[in-house]
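Hello,

Here is the structure I promised to pass on to you. Please open it next to this email, and then read on for a tour of what turned up.

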Amino acid sequence: MRKLLRPGLFARSFLLLNLLMVANLVIWSHAHRSMAIEPQAREIAQQIVTAVNTTRAALVYAAPIRRRYLLLDLATNEDIRIVQRDLGDRTHPLPDTALMQWVDREVKRRLGADTQIAWSVNDAPGIWVSLDIRNDNYWIKLDRSRAERETGSQWLGWFVASLLLSLAGAAVIGGFVNRPLTRLIRATRSLARGQMPEALPENRGADRIRDVYAAFNRMVRDLAQADADRSLMLAGLSHDLRTPVTRIRLELELLDLDPAARAGIESDLDQIRHILKQAMDFAQPQPGTPERLDITQVLQEWLPHERSVTEALGGELYHRLEPGLVARIDPGDLRRCLANLIDNARKYGHGPRQAAQIDIMANRQNGEVIIQVCDRGPGIPDDELHSVLRPFVRGNRARTDAEGAGLGMAIVQRLIQNAGGRIALQNRADGGLCVNVILPGIA
């Protein structure tokens, strides 16, 4: 809800432009009232007075036999009618607007204070002006177009046109600022997923945008170098430590030790060997683009072995696989990832007096292949779900791998990201943890 109420850059630009436009219209309206109404009213009044005086003069000086044709010509060509004025005529005053009040005062000033001006007479619309000719009282009717200017619909049209122009301006302005930021956000999200984004262009856009792009590219290069140095260090340490560990194990066989002490030392050596294997796996170079793989077939052939191992350890493993699931991932990488996840589920997917129960499901959703490895263990606190995917980070005490270095989930995430996928962890509502391996599907 808060996200919907928070306007984006484009919406803010659009609102700002429209507020400026409305403020400009208000200022212009006040200026128009103070500077343009009076000249406009004088012009309208001049047209009315001229029409009245011309008609009066024509009627006064025209021969009686010609008046009938004169009145017909005025009605036909000029839309001016002459009507006898009676005391019982129903009149409606001019509209109560600043312009028409100016017109009323100006016409009376020129034709006389006793001149009557009406907006309609006997429900007939027009501009009606009283006229006296030799003690006879008349109405002279003029068309309202002489006084009417732009209507509300015309103003609405201009306002809509202004809104459309401001929308186009906001789109252009938002494009100048929003497009580089969108590109930066896309690159940042790619980096957050562990993928190396393409270098942002440092020779286009505004100075500040180019500076931000340059700083981001330097940061990406530094992170890549740091990751390469760390992988090289891990590979070197793992390689150098394997030889003394092997030598210790050989010397241990030659020593006459108590069986309990021997078992303890061998357990410690196995733990060291496991940590070294994890470090070597994490430091391995990233493979190239894998070929398409029938996920369903690989899992159907491999999972029976994992089920037998789980049952030998006292647990249970069930799987439900949708047929025809295809994605791009190396089969060895897929098995390594799932082996890590299943091994974790064997260790932690059970209660105090309950055997491990592992559920593996694979299906297609929205064009993606989703493989779920779920257990019935204590799960992981919600605030730690994301952190356990980082290298050298281990979960809470209930799921801590005392024999590992915190690289198992990081290895899984790296291998899945190399295939263009992602990892998502969630706690089950009825207890346990689900690890979702999400891969782009292939039809």
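Below is what I found, going from the overall picture to single residues.

**The whole chain**

Please keep in mind that this is a predicted model. The protein has 443 residues, and buried residues make up 35% of them. Its secondary structure comes to 11 helices and 12 strands. If you take the contacts between residues at least 6 apart in sequence, 64% of them join residues at least 24 apart. The exposed surface comes to about 27,100 Å², with carbon and sulfur atoms supplying 56% of it.

**The sheet with strands E1 to E5**

A good place to start looking is an open sheet of five strands, in the order E1-E5-E4-E3-E2, with antiparallel pairing. Its edges are strand E1 (81-84) and strand E2 (91-92), each of which pairs on one side only. Strand E1 meets strand E5 (residues 136-142) in the antiparallel sense, over four bridges. One position to look for there is Ile82, whose bridge partner in E5 is Ile140.

Helix H3 (residues 37-61) lies across E1, strand E4 (124-133) and E5. The helix runs at about 50° to E4.

The loop between strand E3 (117-121) and E4 holds Asp123. Its phi is near 70°, a positive value in a residue other than glycine. For background, most residues other than glycine have a negative phi. Asp123 has a relative accessible area of 63%, so it is exposed.

**Strand E10 and its partners**

Now please move along the chain to strand E10 (368-374). Is this strand enclosed or open to the outside? Six of its seven residues are buried, so E10 is largely enclosed by the rest of the structure.

E10 runs antiparallel to E9, and seven bridges join the two. In this pairing, Met361 stands opposite Gln372 in E10. The two strands form a hairpin with two residues between them. Asn366 sits in that turn and has a positive phi of about 55°, although it is not a glycine. With a relative accessibility of 80%, Asn366 counts as exposed.

E10 is also joined to E12 by seven bridges, again in the antiparallel sense. There, Ile371 stands opposite Val437 in E12.

**The disulfide**

How many disulfides does a search of the whole structure find? It finds one, formed by Cys374 and Cys434, with their sulfur atoms 2.0 Å apart. The pair links distant parts of the chain, with Cys374 in strand E10 and Cys434 in strand E12 (residues 433-440), 60 residues apart. The torsion about the S-S bond of Cys374 and Cys434 is about 110°, so the disulfide is right-handed.

Cys374 is buried, at 1% relative accessibility. Cys434 is buried too, with a relative accessible area of 6%. Another cysteine to look at is Cys337, which counts as buried at 1% relative accessibility.

**The nonpolar cores**

The largest nonpolar core has 38 residues, and Ile295, Leu299, Ile371 and Leu425 touch the most other members. Among the elements that give two or more residues to this core are helix H9 (295-312), strand E7 (316-321), helix H11 (408-418) and strand E11 (422-427), along with E9, E10 and E12. Helix H10 (331-348) is on that list as well, and it gives the most, with six residues.

Ile371 is worth a look in the viewer. Leaving aside its neighbours within four places in sequence, its contacts include Ile295, Leu299, Leu334 and Leu338. It also touches Met361 and Ala362, as well as Val435, Asn436 and Val437.

A second, separate core has 24 residues, including Ile44, Met100, Val103 and Val129.

**One more residue in H9**

Helix H9 also holds Glu311. Its relative accessible area is 48%, which makes Glu311 partly exposed. The C-alpha atoms of Glu311 and Gln357 are separated by 9.7 Å, with the two residues 46 apart along the chain.

Enjoy exploring it, and write back with any questions.

Best wishes

Terms used
Residues are numbered from 1 along each chain as its sequence is written. This is a predicted model: local features need pLDDT of at least 70, side-chain atom pairs count only at pLDDT 80 or more; totals for chains, interfaces and linings use all residues. Side-chain values use heavy atoms; hydrogens and water are left out. Two strands pair if DSSP finds at least two bridges between them. Contact means heavy atoms within 4.5 Å. Axes are lines fitted to C-alpha atoms, for helices over the stretch in contact, and angles run from 0 to 180 degrees between N-to-C directions. Buried means under 20% relative accessible area, exposed over 50%, partly exposed in between (1.4 Å probe, protein chains only). A disulfide is a pair of cysteine sulfur atoms within 2.5 Å. A nonpolar core is a set of buried Ala, Val, Leu, Ile, Met, Phe, Trp, Tyr and Cys residues joined through side-chain atoms within 4.5 Å. Accessible areas come from the Shrake-Rupley method with a 1.4 Å probe; for residues, only the protein chains shown count as cover.
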